[in-house]
Amino acid sequence: MEFVERPPGYRGPNLDPTGVRLRPRRLAEGVYALMAFPPPRDNSGLVVGEHGALVVDAGINSAMAHRIQQTVRRLTDRPILWLANTVYHGDHSFGNAAFPTTTRIIASRQTAASMTDLDAEKRARAQNLYGNLDAIADVTSWRRPDVVFDDHTEVDLGGRTVQLWHFGPGNSPGDTVVWVPEARAAWTGNLLGHRRVAPMLLEGGPAPYIDTLARFKSTLEVKTIVPGHGPLADARALDAWMAYLRELLEAVTRARRLGLSALATVETVPLPRGHGFPPWHPAARMNWLVQDLHRLNVLATYRDLERQPTAA
Ligand SMILES: [Zn+2]
C-alpha cells in the first residue's frame with residue numbers, strides 16, 4: 001500500500017511530460033540511456049541486439065511512449081522485442097499500451113501484481129502533474145506485463161543478453177534493475193538515483209530498502225547507473241543511499257525516543273551531508289526536490305516506526 005501522507009508544503013517531483021526532450025547517451029555499442037529534459041521527467045533506455053531491441057520503461061502516456069519509439073527508430077532499425085517496466089508507477093508503465101502488440105512486456109511478479117487499480121494509480125500520479133491532468137486523460141487502459149519473473153531472468157536479443165534483477169522492495173514492492181553486463185550499465189527505475197539525490201520512501205521504512213541495496217551491491221559490479229529520474233550516476237550512489245537510509249533511521253529513532261511529534265521530527269532531522277548538488281552543478285535546480293523527498297522520508301520513517309511493536 002503506497003504511503004499517501006505528505007509533509008506540510010510538500011510539492012514532489014514534477015513529471016508533466018509537456019515539452020520533454022529525450023537525449024540519447026551512448027554507453028556502449030547498442031546501449032543507450034534516453035535522458036529526459038528537463039529532469040526529473042522519466043528517463044528510459046534502449047539495448048540493441050542482432051534480432052531486436054529492449055526498451056526500458058514506457059513513459060507516462062501514449063504521446064511519451066511514441067516519443068520513446070521515435071527516438072529508438074533513429075538509433076536502430078531492429079524491432080522492439082521487449083519492453084521492461086522497472087516499477088509499476090504510471091510514469092513508467094502507462095505508455096505500455098502504445099507499444100506494438102508484438103512487443104513483449106516484462107516485469108517482476110510484484111510489479112505486475114501492483115498493476116490492477118488504474119483509477120487509483122491515475123489519482124496518485126496526478127499529484128506529479130502540477131495541474132496538467134490532461135496529460136493522462138487518454139490513459140484508459142493499463143497494459144500489464146506478458147512475462148513475469150521472481151528474482152532474476154534474462155532475455156536474449158541476439159549476441160546481446162539483458163538481465164533483469166529484483167533484489168527486494170525499495171521505492172515499490174517490485175523494483176527491478178535492468179542490467180547489461182558488457183557495459184556494466186544498470187537501469188534502476190525509482191530504486192536508485194544519483195548519490196546526491198535522496199530516495200523516496202513510499203512502501204515502509206528504510207530497513208528493507210537497505211537490505212535490497214546491499215544485495216544489489218554484492219551481486220552486480222556496476223559502472224553506470226541510469227536512474228528513472230535525474231542525472232546519470234555511478235557506483236558511489238549505492239553506498240551513498242545506504243548511508244542516507246541508515247542515518248535517516250537512526251535520526252528518526254532518536255527523535256522518537258526524545259518524544260518529538262512526527263511534524264517536529266520532519267522539521268528537526270536535517271538532510272544528511274553529501275546530498276543535494278553544489279551550486280555549479282546543472283542538477284542544482286533539483287535541490288529543493290531533494291529536500292522535499294527527505295522531509296517525506298522522515299515522515300514515512302516516523303510512521304513506519306510507530307507501527308512497529310515497541311521494544312521493552
Ligand atoms: Zn518514477
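**Entry 1: M64**

I started with M64, which I found in helix α1, residues 62-75. I was working from a predicted model throughout. M64 has a relative accessible area of 7%, and because buried means under 20%, I noted M64 as buried. I then looked up what M64 touches once its neighbours within four places in sequence are left aside, and the contacts are P17, V20, L22, A58 and G59. I also took the distance from M64 to R21, which is 9.7 Å from C-alpha to C-alpha, with their positions 43 residues apart in sequence.

**Entry 2: the chain as a whole**

I next turned to the protein chain, in which I counted 8 helices and 13 strands. Its radius of gyration is 19 Å, and because this is close to the 20 Å that the globule rule gives for 312 residues, I wrote the chain down as being as compact as a globular protein of that length. The C-alpha trace spans about 60 × 40 × 40 Å along its principal axes. Of the 312 residues, 59% are buried. I also checked how far along the sequence the contacts reach: among those with a separation of 6 or more, 71% are between residues 24 or more positions apart.

**Entry 3: the zinc ion**

Which protein atoms are the donors of the zinc ion? I listed D91 through OD, H92 through NE2, N190 through OD1 and H229 through NE2, at 2.0 to 2.7 Å from the ion. Along the chain these donors follow the spacing D-H-x97-N-x38-H. I noted that D91, in helix α2 (residues 90-93), and N190, in the loop between β11 (185-189) and α5 (206-219), link distant parts of the chain, being 99 residues apart. Both D91 and N190 are buried. The angles among the 4 donor atoms run from 79 to 166°, and I recorded the site as irregular. For a tetrahedral site all angles would have to lie between 85 and 135 degrees, so I did not enter that label.

**Entry 4: N43**

I looked up N43 next, since H229, one of the zinc donors, is among the residues in contact with N43. N43 sits in the loop between β2 (31-37) and β3 (44-48). Is N43 buried or exposed? With a relative accessible area of 3%, N43 is buried, because the cut-off for that word is under 20%. A polar atom of the N43 side chain lies 2.9 Å from the backbone nitrogen of A36. Leaving aside neighbours within four places in sequence, I listed L34, M35, A36, D57, P227, G228, H229 and G230 as the contacts of N43.

**Entry 5: salt bridges**

How many salt bridges does the count come to? I noted 13, and I followed several of them residue by residue.

In the bridge between R125 and E121, the closest N and O atoms are 2.8 Å apart. Both residues lie in helix α4 (residues 118-126), where they are 4 residues apart, about one turn of the helix. R125 and E121 are both buried.

I then compared the surroundings of D77 and R78, whose side chains meet in a salt bridge at 3.4 Å, N to O. D77 has 63% relative accessibility and counts as exposed, because exposed means over 50%. R78, with a relative accessible area of 29%, is partly exposed.

The side chains of D146 and R143 also meet in a salt bridge, at 3.5 Å from N to O. Turning back to the wider set, I noted that salt bridges with shared partners join E2, E121 and R125 into one network. As for the D146 and R143 pair, D146 is partly exposed, with a relative accessible area of 46%, whereas R143 is buried at 18%.

**Entry 6: R143**

I stayed with R143, which lies in the loop between α4 and β7 (147-149). At 18% relative accessibility R143 counts as buried, because the cut-off is under 20%. A polar atom of the R143 side chain lies 3.3 Å from the backbone oxygen of P100. With neighbours within four places in sequence left aside, I found R143 in contact with N96, A97, F99, P100, T101, T103, I105 and M115. P100 therefore appears in my notes on R143 twice, as a contact and through its backbone oxygen.

Terms used:
Residues numbered from 1 in each chain as written. Predicted model: local features only at pLDDT ≥ 70, side-chain atom pairs only at ≥ 80, totals over all residues. Heavy atoms only, no water. Helix = DSSP H or I, 4+ residues; strand = E, 2+ residues; numbered from the N terminus. Buried < 20%, exposed > 50% of the residue type's maximum accessible area, 1.4 Å probe, protein only. Polar contact = N/O pair within 3.5 Å; in protein donor to acceptor, adjacent residues only side chain to side chain. Contact = heavy atoms within 4.5 Å. Salt bridge = Lys/Arg side-chain N within 4 Å of Asp/Glu carboxyl O. Donors = N, O, S within 2.8 Å, 3.2 Å for Na, K, Ca; no water. Tetrahedral: all angles 85-135°; square planar, octahedral: opposite > 155°, others 65-115°. Rg over C-alpha atoms; globule rule 2.2 N^0.38 Å.
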